[in-house]
Amino acid sequence: MKKILKALKLSSILMIVILSFVACDKDFNTLGSDIIGDKNFQTKSVSFSATSYNKKINPIVTNGLPANLLGIYNDPVYGTTTANVVSQLQATSFSVDFGANVVVDSVILSIPYFNKVAEDSPDSAGNTVYSISDSVYGDYPIKLSLYRINYFLRNFNPDTEFDDPQYYYSNDNTTIDFDSHIESLIYENDAFYPTSEEIQLTVFNSETGEFDEGEKLTPRLRAHLDEDYWKTIILDKEDQPEISNANNFTNYFRGVYFKTEAVNPDGHMTLLDLSNTNANITIHYSFDSEIIEGRDVAEYVMLFSGTRLNTFENNFNFPLIDGDESLGDEKLYIKGGEGSIAIVDLFGNVDIDNNGMSDELEDFKNQKDNWLINEANLIFYEDQSMFSPNEDFHKYDRIYLYDLNNNIPITDYNFDGTVNDSDPVNSRIFHLGQRFVDENGAARFKIRVTEHINRLLQTDSTNTKLGLVLSTNVNLSQNTRIKDSENEILDVIPVGSVLNPKGTILLGSNPSVPADKRVQLEIFYTEPDN
């Protein structure tokens, strides 16, 4: 009966989704067909300029990010980026009575990977099959070392009398040099590469003297750490001020430095969820029990919470520079992390009469009483010369367009009903579209901006500049600050771009780009047939 209900539920959901797509398609087609059939109207299309140019990103604030990149990533076009992490380690309990005759049974480092259940799950044995491919970039191992450091990560800025938060930036490994603050090695793996395998724990059965199967864990970095070390620095501090409260603990154990080094030039980078409470170091210990006969067991848990930052070290194949704001650039260098974005001026920026509005936009607004906008799209073509030998390298790229003046998504983002929180690659596909490759191998992105254009016409909204980035998750619309930005508009950047180590190259709006591949704003509209 449960299977039948489940099947009916899935069928119902599928039918709703199909009807939704049909309804959307019907709305558009009905508008077009009815107007085409009416002799008083004509359906037309027109293209406008969209001046697009590059803007290099200064170092960015990386404390407070929802996730962290860790590893070494070699982009085939841009070059190598090394991402390290520094995090406070915070205890979940204080002034603990560890008991008599304490023995550390094990110390476990556990950091879950972002994962999802794979399409071929479960396997033939009934085990859950996971995929972590959406959060792992690259195919080769790296050397991973975790160090305890003596550098104190502040929460507030002493230069402002502690009124403002303390910001840490993507270039802080250069300015602070965390290597010079290393105190002791916690963990080391000379050939680290994440695996998507489920982890089967075992439990000792005191009656049989054997180990039984216990809990199953999702894919994660899981390792045994040195018991004597953690007994000395934690359990032996019982009744000492170092572990009596949160502030003392943070000052005592100041942080963990996740350092990555190259084993293979290409390496890999992993997106980690260190804010997860399952990301921790746990001391499992036993002691003489006063309640039951024999020994009792307990845990002391420390989380990677509090202040946590990412550092990026770029070794690019070519310099990223600011582009031509007047004519636009031939190529748009869209690079995540501490990289580069594209700025887009819809309707160009030619203003002959110098009234503060581009001539194309002025002409467009003058016709607004006669036009009914059916659909508006921004079209970007990928630079064919930057393709990787691996045809799937850019297959799942997603670009994110946003209102640069106000640092918010444009209206179409909020109108898109295809939000998918569990599968960002297939989320918001009406507005932001997906990479499309035609029969000739040319790839393009189509971003729907219909509501944005309609508001520009109907409410005389400001024609704001738009920012274009490559996003690791188009559902992430929050921003983070840019350090010492000299641009009054570009002072923050979307988090989804910061957390994407990849890059792409799109063709821009410069006159040197062939007209049929140049960035363009295409508008489909109807108007009365006079």
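Student: Let's start with one residue: what does Asp179 count as in terms of relative accessibility?

Tutor: First, the scale: buried means under 20% relative accessible area, exposed means over 50%, and partly exposed is in between, using a 1.4 Å probe and protein chains only. At 32% relative accessibility, Asp179 counts as partly exposed. Keep in mind that this is a predicted model, where local features need pLDDT of at least 70 and side-chain atom pairs count only at pLDDT 80 or more, while totals for chains, interfaces and linings use all residues. Residues are numbered from 1 along each chain as its sequence is written, and side-chain values use heavy atoms, with hydrogens and water left out.

Student: And the whole protein: what percentage of its residues is buried?

Tutor: Of the 530 residues, 47% are buried. The exposed surface comes to about 26300 Å², with carbon and sulfur atoms supplying 48% of it; such areas are Shrake-Rupley values with a 1.4 Å probe, and for residues only the protein chains shown count as cover.

Student: How many helices and strands are there?

Tutor: There are 8 helices and 31 strands. Both are DSSP runs numbered from the N terminus: helices are H or I with at least four residues, strands are E with at least two.

Student: How should I read a sheet here, say the one with the order S5-S18-S17-S6-S14?

Tutor: Strands of a sheet pair through backbone hydrogen bonds, either parallel or antiparallel. Two strands count as paired if DSSP finds at least two bridges between them. Your example is an open sheet of 5 strands with antiparallel pairing. Its edges are S5 (90–91) and S14 (220–224), and each has a single partner strand, so one side of each is left without a neighbour in the sheet. Further in, S17 (residues 280–288) and S18 (residues 295–303) are joined by 9 bridges. Thr282, for instance, has Val301 in S18 as its bridge partner.

Student: Where does Ser286 lie, and what does it touch?

Tutor: Ser286 lies in strand S17 and, at 8% relative accessibility, counts as buried. A contact means heavy atoms within 4.5 Å. Not counting residues up to four places away in sequence, Ser286 touches Asn101, Val102, Val103, Asp105, Arg295, Asp296 and Val297.

Student: Back to Asp179: which side chain does it meet in a salt bridge?

Tutor: Side chains of opposite charge can pair when their charged atoms come close. The cut-off is a side-chain nitrogen of Lys or Arg within 4 Å of a carboxyl oxygen of Asp or Glu. Asp179 pairs with Lys259 at 2.9 Å, N to O. The two are 80 residues apart: Lys259 is in strand S15 (residues 255–262), and Asp179 is in the loop between helix H2 (172–175) and strand S11 (182–192). Lys259 is buried at 18%.

Student: How many salt bridges does the structure hold?

Tutor: It holds 16. Another one joins Asp345 and Lys465 at 3.1 Å, N to O. Asp345 sits in strand S21 (residues 340–346) and Lys465 in the loop between helix H7 (450–458) and strand S27 (466–470), so this pair ties together parts 120 residues apart in sequence. Asp345 is buried at 11%, whereas Lys465 is partly exposed at 23%. There's also a network linking Lys116, Asp134 and Asp423.

Student: Which residues have the most contacts inside the largest nonpolar core?

Tutor: A nonpolar core is a set of buried Ala, Val, Leu, Ile, Met, Phe, Trp, Tyr and Cys residues joined through side-chain atoms within 4.5 Å. The largest has 61 residues, and Phe364, Leu378 and Phe380 have the most contacts inside it. S21 gives the most to this core, with 5 residues. A second, separate core has 45 residues, including Ile72 and Leu221. Phe364 is also one of the buried residues of helix H5 (residues 359–366), whose cover includes S22 and H7.

Student: What about backbone oddities: which residues does the cis peptide bond join?

Tutor: Most residues other than glycine have a negative phi, and most peptide bonds are trans. Here Ser121 and Pro122 are joined by a cis bond, with omega about -5°. Pro122 is in the loop between strand S7 (116–117) and strand S8 (130–131). Asp239 has a positive phi, near 70°, and is exposed at 72% relative accessibility.
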